[in-house]
Amino acid sequence: MKNLIDKAIQTHNLSKKELTEILKEDSINEYLFSAANEVREKFVGNEVHLRALIEFSNICKRNCFYCGLRAENKNCERYRLSKAEIINFSQHAVDLGYKTIVMQSGEDDYFKTDYLAEIIQEVKKTDVALTLSIGERTFEEYKTLKAVGADRFLLRIETTDEELYRKMHPKMSLEKRKQCLYNLKKLGFETGSGCLVGLPGQTLDSLADDILFFKELDADMIGIGPLIVHKDTPLKGNENGSFTLALKVMALTRLLLPDINIPATTAMETLNPNGRIIALQSGANVVMPNVTQGDYRQKYEIYPGKICVNDTPDKCRGCIGEKILSIGRTIGQNYGFRPKNRKEIK
Ligand code: SAH
């Protein structure tokens, strides 16, 4: 088994069968995590890139089975930030030193492309890279958003298991989601994807397929997180995903895509109080602190127990900064593009 990991360190390739074998075997976990840590250091260095996350609307037309923002959840108190609030939160993040702003929301059609374009143009007047995480839109809409200055886009595939995808996402299709990702790539977005670990009925085989899909897409960023069960969703009563398994999927992703950006996800920290630091030492090189202000933080409840919901942007920046330095890493002072895409921003 260690031979397989050694092979991956050298070649950055593993077959589905090899990936599944490693996922199954827990005796080699520490070896896997340190291999991913080594590959991370060699390809993307010791810098940790910070991305400032603004949760600008929790209104969503979809009904994903795991997500607390799903349209049918009547217990979710909805909000939508104004343009002025988004710009203000973004400016505050810039003042704290962030070089990337991530605008995330449910699939909220109130934010039509033209309106989003106005906001993007304002945010881009400051010296930042901009990432969108707003779900599925048409090729033309993505094209407009790119043209007005969005640099990156996050859209997790969630699972590549077709049947499971269908069960978890009413009225959506895996094929369409893949098409969105290929469209984003084609348009020149730095493209992020990822999956949930621990969906009911998900197999290790299908997680291996997820990793191979990330490679086939040549994703620039991959976020992996354990499922955290929300009581106001159809997954109520199921078990949470496993922190360790999510970490393994993340570490294997690092071995196969050595030079991409991989966040230590907030969901990992929700299941393990030291989760993000452990992830940073097992292949991750990005953290996405929340810069949403006020009680919007609590209301953006994709899953329960989200960390730092009562904190301020300043507190989060200080806290994570100290943790990163304490493990001998540095904080990226630049935009933090994937090395092969590095460019200056106009
Ligand atoms: N509407 C956007 C943003 C979704 S929120 C989009 O569709 O891309 C970002 C991510 O949170 C999702 O992609 C999903 O993987 C994750 N997420 C949602 N519910 C979750 C839960 N209950 N536990 C863990 N992660 C969850």
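The shell around the ligand has nine nonpolar, five polar and three charged residues. The model is a predicted one. Besides the ligand site, this briefing covers an open sheet of six strands and two helices that pack on the sheet, helix 8 and helix 9.

**Ligand site**
- There are 17 residues around the ligand, and those that come nearest are Y66, S105, R156, E158 and I228.
- Y66 places a backbone N or O atom 2.9 Å from a nitrogen atom of the ligand.
- For S105, a backbone N or O atom likewise lies 2.9 Å from a ligand nitrogen atom.
- E158 makes its approach through the side chain, where an N or O atom is 2.6 Å from an oxygen atom of the ligand.
- The protein buries 91% of the 560 Å² that the ligand exposes when taken alone.

**Sheet**
- The six strands are ordered 2-3-4-5-6-7, and their pairing is parallel.
- Strand 2 (52–57) and strand 7 (221–226) are the edge strands; each has a single partner strand, so one side of each has no neighbour in the sheet.
- From one strand to the next, the twist averages 20°.
- Two bridges join strand 4 (residues 129–133) to strand 5 (residues 152–154) in the parallel sense.
- L132 has F153 of strand 5 as its bridge partner.

**Helices on the sheet**
- Helix 8 (residues 174–186) touches strand 5 and strand 6 (190–197), and its direction makes about 155° with that of strand 6.
- Helix 9 (residues 204–217) touches strand 6 and strand 7, with its direction at about 180° to that of strand 6.

Key. Residues numbered from 1 in each chain as written. Predicted model: local features only at pLDDT ≥ 70, side-chain atom pairs only at ≥ 80, totals over all residues. Heavy atoms only, no water. Pairing = 2+ DSSP bridges. Helix = DSSP H or I, 4+ residues; strand = E, 2+ residues; numbered from the N terminus. Axes fitted to C-alpha atoms, helices over the stretch in contact; angles between N-to-C directions. Contact = heavy atoms within 4.5 Å. Near = heavy atom within 4 Å. Polar contact = N/O pair within 3.5 Å; in protein donor to acceptor, adjacent residues only side chain to side chain. Areas by Shrake-Rupley, 256 points an atom, 1.4 Å probe, with all protein chains shown as cover. Nonpolar A, V, L, I, M, F, W, Y, C, P; charged D, E, K, R; others polar.
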